[in-house]
Amino acid sequence: MKIAFFDAKSYDQPAFRKYGEDHGIVFKFFETKLNEDTVDLARGYDGVCVFVNDTVNAAVIDELYRLGIRVIALRCAGFNNVDVRHAFGKIHVVRVPAYSPYAVAEHAMAMLLTSIRRIHKAYIRTKDFNFSLNGLTGFDLHGKTVGVVGTGKIGRVFIDICRGFGMRVLAYDKYPATGTDIAYVTPEQLFAESDIISLHCPLTEETHHMIREETIAQMKKGVVILNTSRGALIDAEALLAGIKSRKIGAACLDVYEEESDIFFEDYSGHIVEDDTLARLISMPNVIVTSHQAFLTEEALSNIAETTVKNLVSFAQNGTCENELCYHCGKTDDCKQHRLAKCF
Ligand code: NAI
């Protein structure tokens with residue numbers, strides 16, 4: 001199998017080369033993102049491998065189909081950038097549903113601790129031999145209330161980490177887990193009682209701008225907001241307004257609504273056009289990392305291994321347990337339905 005690998009970074013390649021060679025899959029690495037202008041690069045390949053900021057809309061899917069591409073392998077869990085419904089009946093879409101929930105949950109806690117203990121400030125000061133403590137006062141996590149939105153794989157690891165710090169945990173999930181001791185509350189109660197709010201749910205029409213002016217108004221003054229999920233869960237303008245009004249005490253963002261043209265690239269020495277992002281980054285109480293939460297050696301290896309297994313399974317059986325299949329409603333003779341893999 002020959003796979004066109006879009007938005008390739010140097011850190012992606014070793015693991016994909018290794019697992020690919022083991023299973024007879026050749027990856028051709030393209031630095032460019034997949035979109036309507038670059039889709040023709042997929043000509044002559046059997047499939048494409050894409051990441052979070054590649055564009056896999058209806059037009060791109062139609063062109064991929066015309067080029068004979070029969071599988072789109074997402075090397076990530078989230079799939080909000082893929083028109084799964086449009087792909088139905090044309091191209092199979094497979095993904096990596098989990099690669100290291102620890103990587104993302106630990107990054108969320110790292111950002112939280114960095115922010116509230118001012119580690120980012122202290123690091124720069126001591127590098128300059130400035131050992132003053134003025135302005136570095138933080139607060140204890142012990143005894144504070146954390147509200148976790150989305151109690152799937154990552155949310156649950158984050159809950160465990162928070163419990164280790166002696167925090168009170170509240171959670172909201174549209175589909176609450178059964179048989180757990182997680183204290184589920186309504187979104188309103190979570191917003192009203194939490195000192196820290198951490199987002200771990202997918203981006204859907206329903207969760208789009210879940211954090212906006214009216215929900216920020218329901219929150220405690222000084223609330224800390226963590227987002228390691230997807231940028232558009234937060235209305236960035238409303239977040240900025242909340243920070244400027246001092247309602248929001250701090251924000252830790254690994255994702256940003258308009259990240260696709262900016263994150264993962266080096267813009268040092270350039271003028272960034274996005275004023276909202278620039279203003280957020282300029283705030284002393286905002287920490288931004290560029291969609292880095294997944295980036296551990298363990299996660300990279302798991303991503304490559306699962307993607308290659310997905311492609312092998314698809315090539316050998318015409319199906320794959322990690323397929324994203326649009327819920328067409330048909331039940332007869334459907335392998336995906338039997339696998340309960342409809343979305
Ligand atoms: P998961 O599928 O295991 O858990 C998601 C949870 O969100 C589920 O329990 C689900 O019931 C819940 N949910 C769905 N709709 C909801 C709604 N309307 N309101 C509240 N909860 C809702 O997913 P996982 O692996 O825990 O990942 C969570 C998110 O983290 C992904 O959707 C992805 O966007 C993001 N992510 C970010 C990474 C990064 O590097 N920053 C890396 C991996 C994932």
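This is a short tour of a single chain, stop by stop, for you to follow in your viewer. Keep in mind that you are looking at a predicted model.

**Stop 1: the whole chain**

Start zoomed out, with everything shown as a cartoon. You should find twelve helices and twelve strands. Turn the chain along its principal axes, and its C-alpha atoms fill a box of roughly 60 × 50 × 35 Å. For 343 residues, a compact globule would have a radius of gyration near 20 Å, and the chain agrees with that because its own value is 21 Å.

Now switch on a surface. The accessible surface comes to about 16,900 Å², with 51% of it belonging to carbon and sulfur atoms. Under that surface, buried residues make up 48% of the chain. If you show contacts, take those with a separation of 6 or more: 65% of them are between residues 24 or more positions apart. Colouring by charge gives you 37 positive and 45 negative charges, and their mean positions are 3 Å apart.

**Stop 2: the six-stranded sheet**

Next, pick out the open sheet whose strands come in the order 2-1-3-4-5-12, with mixed pairing. Which strands stand at the edges? They are strand 2 (26-29) and strand 12 (323-324); each has a single partner strand, so one side of each is left without a neighbour in the sheet. As a reminder, strands of a sheet pair through backbone hydrogen bonds, either parallel or antiparallel.

Select residues 2-5, which are strand 1, together with strand 3: these two pair in the parallel sense over three bridges. Then add residues 71-74 for strand 4. Strand 3 (residues 47-50) runs parallel to strand 4 too, and four bridges join them.

Val 48 is a handy residue to click on here. On one side, Val 48 is the bridge partner of Ala 4; in strand 4, the partner of Val 48 is Ile 72.

Stay with strand 4 and show its side chains. Val 71 and Ala 73 point one way, while Ile 72 and Leu 74 point the other way. Are these four buried or exposed? All are buried.

**Stop 3: strand 6 and its partner**

Move on to residues 145-149, which form strand 6; five of its five residues are buried. Thr 145, Gly 147 and Val 149 lie on one side of strand 6, and Val 146 and Val 148 on the other, so you can see that both faces are covered. Bring in residues 168-172, strand 7, which runs parallel to strand 6 and is joined to it by five bridges. At Val 149, look across to strand 7 and you will meet Tyr 172.

**Stop 4: Thr 55 in its loop**

Now select Thr 55, in the loop between strand 3 and helix 2 (58-66). With 31% relative accessibility, Thr 55 counts as partly exposed. Leaving out residues up to four places away in sequence, Thr 55 touches Leu 34, Asn 35, Val 60 and Asn 81. If you draw a distance from Thr 55 to Val 39, 16 residues away along the chain, their C-alpha atoms are separated by 9.6 Å.

**Stop 5: two residues with positive phi**

Finish with Arg 118, in the loop between helix 4 (101-116) and helix 5 (119-127). Arg 118 is not a glycine, yet has a positive phi of about 55°. At 27% relative accessibility, Arg 118 counts as partly exposed.

Phe 129 sits in the loop between helix 5 and strand 6. Its phi is also positive, at about 55°, although Phe 129 is not a glycine. What is the relative accessibility of Phe 129? The value is 67%, so Phe 129 counts as exposed.

Methods. Residues are numbered from 1 along each chain as its sequence is written. This is a predicted model: local features need pLDDT of at least 70, side-chain atom pairs count only at pLDDT 80 or more; totals for chains, interfaces and linings use all residues. Side-chain values use heavy atoms; hydrogens and water are left out. The radius of gyration is taken over C-alpha atoms; the globule rule is 2.2 Å times the number of residues to the power 0.38. Buried means under 20% relative accessible area, exposed over 50%, partly exposed in between (1.4 Å probe, protein chains only). Contact means heavy atoms within 4.5 Å. Accessible areas come from the Shrake-Rupley method with a 1.4 Å probe; for residues, only the protein chains shown count as cover. Lys and Arg count as positive and Asp and Glu as negative; His and the chain ends are not counted. The place of a charge is taken as NZ of Lys, CZ of Arg, CG of Asp or CD of Glu. Two strands pair if DSSP finds at least two bridges between them.
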